[in-house]
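Colleague: Please take a close look at one position in the model shown below, and then work outward from that position to its surroundings and to the rest of the assembly.

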Number of protein chains: 2
Amino acid sequence: MQSASTNSEQNLVTRQIILQAAYEEIYARGFQAASIAKILSTTDVTKGALYHYFPTKLDLGYAVVDELLAEQIQARWIEPLLIADDPISALKEIIIAAGQEISEEDIQCGCPLNNLAQEMSPVDEGFRLRVEAVYKMWRVGTEEAFKQGQRHGLVKQNVDPKNIAIMLVASLEGCIGMAKSAQSKNILYQCGQSIIDYLDGLRG
Amino acid sequence: MQSASTNSEQNLVTRQIILQAAYEEIYARGFQAASIAKILSTTDVTKGALYHYFPTKLDLGYAVVDELLAEQIQARWIEPLLIADDPISALKEIIIAAGQEISEEDIQCGCPLNNLAQEMSPVDEGFRLRVEAVYKMWRVGTEEAFKQGQRHGLVKQNVDPKNIAIMLVASLEGCIGMAKSAQSKNILYQCGQSIIDYLDGLRG
DNA sequence: TGACATACATACCAATCGGTAGGTATAACA
DNA sequence: TGTTATACCTACCGATTGGTATGTATGTCA
């Protein structure tokens, strides 16, 4: 028998508190500059507790990617796309919704996945593999949606869904990154509109 | 009178050695993780010399952006574009040339300007302003080239050169970032081809 | 030739870093 | 009830960080 519910539920709560605080600290400062001490001080968790759940800082970072970021991308960019029949309309709606919901802090900090990709890919292979797994999930999901769209005759037949997926994910990340550097919602919207124009050009 | 040539020339040499080593260290690890000690050990420069030319680490980082990165972008992405009559053909050539000349280390480390943009924009406003100045130069240069192209009837009249410039810079950075995460030249080329296709769609 | 500034060089410093050792309190289980 | 594992907690550690204080060698200039 495993431990009773009372205990293991509390465990997960503490673990989740640490994970969430780590996510925010990493999002704001990057992984390498993220301070364990800061994560502890923003919560009332002690160092012993943190190192009980995560043997190293690296493991904590990995968990943020595997559990939080993968889930975020899945929920926002993949699931609604796969449900829809028309991937072009669906993606346009997702982009517009994302633009509307975005906060000043988000503009300032950009995409948490791309942040980790750019910072950690050359530095730590474990990070790179995990981040790339999320990107691949994103690209494959997008590719599938556009294949479906082609089957339904809603997307041009003479384009390669795989290439479209790569281009879309890349330019979305580029768009967010540009807005982050310029700290400008205008640039975000102008770039988003260009992506939407590109999408409309794929109509079949 | 200023100091004689012998002296001030040597000065600039030492300064340039520091700047170059700093560039490489920052390119490989990011600014915050870049180690002054490492920069000194890869050169035979002492800490006294470094802090003689650059009062703080931040000033050293600023100089890398202002002097090295601005120059790189200008030489590779702006000058050849402004010389040409046809911006679309010119940019295609630049993209193809960049793809051919890129090394494994470059794939691994990505774009030094985008790296600093994503890492430092939320953390230090001085960095953000300097990086954004380079991006703006890049965008404005691209915009001018496309305006010229419109005047010569080589670019569609019903597109906004400013939006095109934003979209191009953003998707180029996104493309390099995606290839860096995937550590894949294939992805770089596929994404680059999509950008070229986009460019061809702008023909007037 | 003497005064002064430039261009380094060396030794040191406080602060912060991630991580660990060793304890305790609690709950599960035999 | 005694044993054992889980879930913490506190105090400490060595290493590294950017930065500084002090000294010196050299070249400039009046």
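Modeller: A:N115 is buried, with a relative accessible area of 12%, where buried means under 20% relative accessible area, exposed over 50% and partly exposed in between, with a 1.4 Å probe and protein chains only. Please keep in mind that this is a predicted model, in which local features need pLDDT of at least 70 and side-chain atom pairs count only at pLDDT 80 or more, while totals for chains, interfaces and linings use all residues. Residues are numbered from 1 along each chain as its sequence is written, chains are lettered from A and ligands numbered from 1 in the order in which they are written, and side-chain values use heavy atoms, with hydrogens and water left out.

The residue sits in helix α7 of chain A, which covers residues 112–120; helices here are DSSP runs of H or I with at least four residues, strands are runs of E with at least two, and both are numbered from the N terminus. If residues up to four places away in sequence are set aside, A:N115 touches A:Y27, A:C109, A:K180 and B:Q118, a contact being heavy atoms within 4.5 Å.

One of these partners, A:C109, is itself buried at 5% relative accessibility. Its sulfur lies 11 Å from the closest cysteine sulfur, that of A:C111, which is too far for a bond, given that a disulfide is a pair of cysteine sulfur atoms within 2.5 Å. A:C191 is also buried, with a relative accessible area of 1%, and the closest cysteine sulfur to its own, in A:C175, is 3.5 Å away, again too far for a bond. Over all chains, a search of the whole structure finds zero disulfides.

Another partner, B:Q118, belongs to chain B, and this leads to the relation between the two chains. Two copies of a chain are related by a rotation about an axis and a shift along it. Here a rotation of 180 degrees with 0.0 Å of shift along its axis superposes chain B on chain A, with an RMSD of 0.0 Å, the fit being by least squares on the C-alpha atoms of residues with pLDDT of at least 70 in both. That is the relation of a two-fold axis, and the same surface serves both copies, since 100% of the contact residues of chain B recur in chain A.

Elsewhere between the chains, a pair of helices can be followed in detail. Two packed helices are described by the angle between their axes and the distance between the axes. Helix α8 of chain A (residues 125–151) and helix α9 of chain B (residues 161–182) have axes that come within 8 Å and cross at roughly 120 degrees, the axes being lines fitted to C-alpha atoms, for helices over the stretch in contact, with angles that run from 0 to 180 degrees between N-to-C directions. The two helices are therefore oblique to each other, as angles under 35 degrees count as roughly parallel, over 145 as roughly antiparallel, 65 to 115 as roughly perpendicular and the rest as oblique. From α8(A) the contact draws on A:R128, A:V131, A:E132, A:Y135 and A:R139, and from α9(B) on B:M178, B:K180, B:S181 and B:A182. These residues divide into four nonpolar, one polar and four charged, with Ala, Val, Leu, Ile, Met, Phe, Trp, Tyr, Cys and Pro counted as nonpolar, Asp, Glu, Lys and Arg as charged, and the others, Gly among them, as polar.

A further link across the chains involves B:S194, which is found in helix α10 of chain B (residues 185–200) and counts as buried at 7% relative accessibility. Apart from its neighbours within four places in sequence, B:S194 is in contact with A:N163 and A:M167.

As for the chain that holds A:N115, the secondary structure of chain A comes to 10 helices and zero strands, and buried residues make up 51% of its 204 residues. The C-alpha trace of chain A spans about 60 × 45 × 30 Å along its principal axes. Of the contacts in chain A between residues at least 6 apart in sequence, 69% join residues at least 24 apart.

One backbone detail deserves a check by eye. Most residues other than glycine have a negative phi, and most peptide bonds are trans. A:Q183 has a positive phi of about 50 degrees although it is not a glycine; its place is in the loop between α9 (161–182) and α10 (185–200) of chain A, where it counts as partly exposed at 34% relative accessibility.
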